[in-house]
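Student: I'd like to go through this one label by label and ask what backs each of them up. Can we start once the structure is up?

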Amino acid sequence: MNIDIHIERLLLDGIDATPRQLSVLKSSFESHLAHLLAKEGIGTQLQQIREIKTIYTDPISSAQHSDFFLLGERIARSVHGGLRR
């Protein structure tokens with residue numbers, strides 16, 4: 001099964017980052033989400049849906065992570081969890 005995901009907007013409220021840090025976060029997020037989707041897929045209910053307008057996830061505290069690579073990984077896990085619900 002092929003899964004194509006287009007994320008129009010990812011809200012990162014309260015994150016103060018340089019363009020370089022945001023680039024690291026984006027790259028980490030994309031690679032970790034791709035890995036999780038390849039390994040675990042999506043929820044069975046979503047397999048029948050062609051488009052999802054909004055995915056709600058649990059909040060992630062950016063204060064816990066000054067490492068933007070790790071923050072991208074946590075965001076990817078959160079988004080993936082939203083896809084599996």
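Student: What makes the contact at the start of α2 a polar one, and which atoms take part?

Tutor: Keep in mind that this is a predicted model. A side-chain oxygen of Asp67 comes to within 2.9 Å of the backbone nitrogen of Phe69. The cut-off for a pair of N or O atoms is 3.5 Å, so this pair counts as a polar contact.

Student: Why is the pairing of Lys26 with Glu30 called a salt bridge?

Tutor: The closest N and O atoms of Lys26 and Glu30 are 3.2 Å apart. A Lys nitrogen has to lie within 4 Å of a carboxyl oxygen, so the pair qualifies. Both residues sit in helix α1, four residues apart, about one turn of the helix.

Student: And what makes Arg77 and Glu73 a salt bridge?

Tutor: Same kind of reasoning. Their N to O distance is 2.6 Å, and the limit is 4 Å, so they count too. These two are four residues apart in helix α2, which puts about one helical turn between them. By this rule the count comes to two salt bridges.

Student: Why can such side chains pair at all?

Tutor: Opposite charges can pair when the charged atoms come close.

Student: How do you know whether Glu30 and Arg77 are buried, exposed or partly exposed?

Tutor: Glu30 has a relative accessible area of 43%, and Arg77 is at 45%. Buried needs under 20% and exposed over 50%, so both residues land in between and are called partly exposed. Glu73, on the other hand, is among the buried residues of α2.

Student: What makes the buried residues of α1 a face?

Tutor: The buried ones are Leu25, Ser28, Phe29, His32, Leu33, Leu36 and Leu37. Looking down the axis of α1, they fall within an arc of 155°, so they line one face of the helix. The face turned away from that buried side carries the exposed residues Pro19, Arg20 and Ala38.

Student: What do the buried residues of α1 pack against?

Tutor: They pack against α2, and the buried residues of α2 pack against α1. On the α2 side, the buried residues include Phe68, Leu71, Ile75, Val79 and Leu83.

Student: How do you know how the spans of the two helices compare with what is expected?

Tutor: Helix α2 has 17 residues and reaches 24 Å from first C-alpha to last, close to the 24 Å expected at 1.5 Å a residue. For α1, with 22 residues, the reach is 31 Å, close to the expected 32 Å. Just after α1, Gly41 takes a positive phi of about 70°.

Notes:
Residues are numbered from 1 along each chain as its sequence is written. This is a predicted model: local features need pLDDT of at least 70, side-chain atom pairs count only at pLDDT 80 or more; totals for chains, interfaces and linings use all residues. Side-chain values use heavy atoms; hydrogens and water are left out. The expected span of a helix is 1.5 Å times one less than its number of residues. Buried means under 20% relative accessible area, exposed over 50%, partly exposed in between (1.4 Å probe, protein chains only). Contact means heavy atoms within 4.5 Å. A polar contact is a pair of N or O atoms within 3.5 Å; within protein, one must be able to donate a hydrogen and the other to accept it, and residues adjacent in sequence count only if both atoms are side-chain atoms. A salt bridge is a side-chain nitrogen of Lys or Arg within 4 Å of a carboxyl oxygen of Asp or Glu. The arc is that of the directions from the helix axis to the C-beta atoms.
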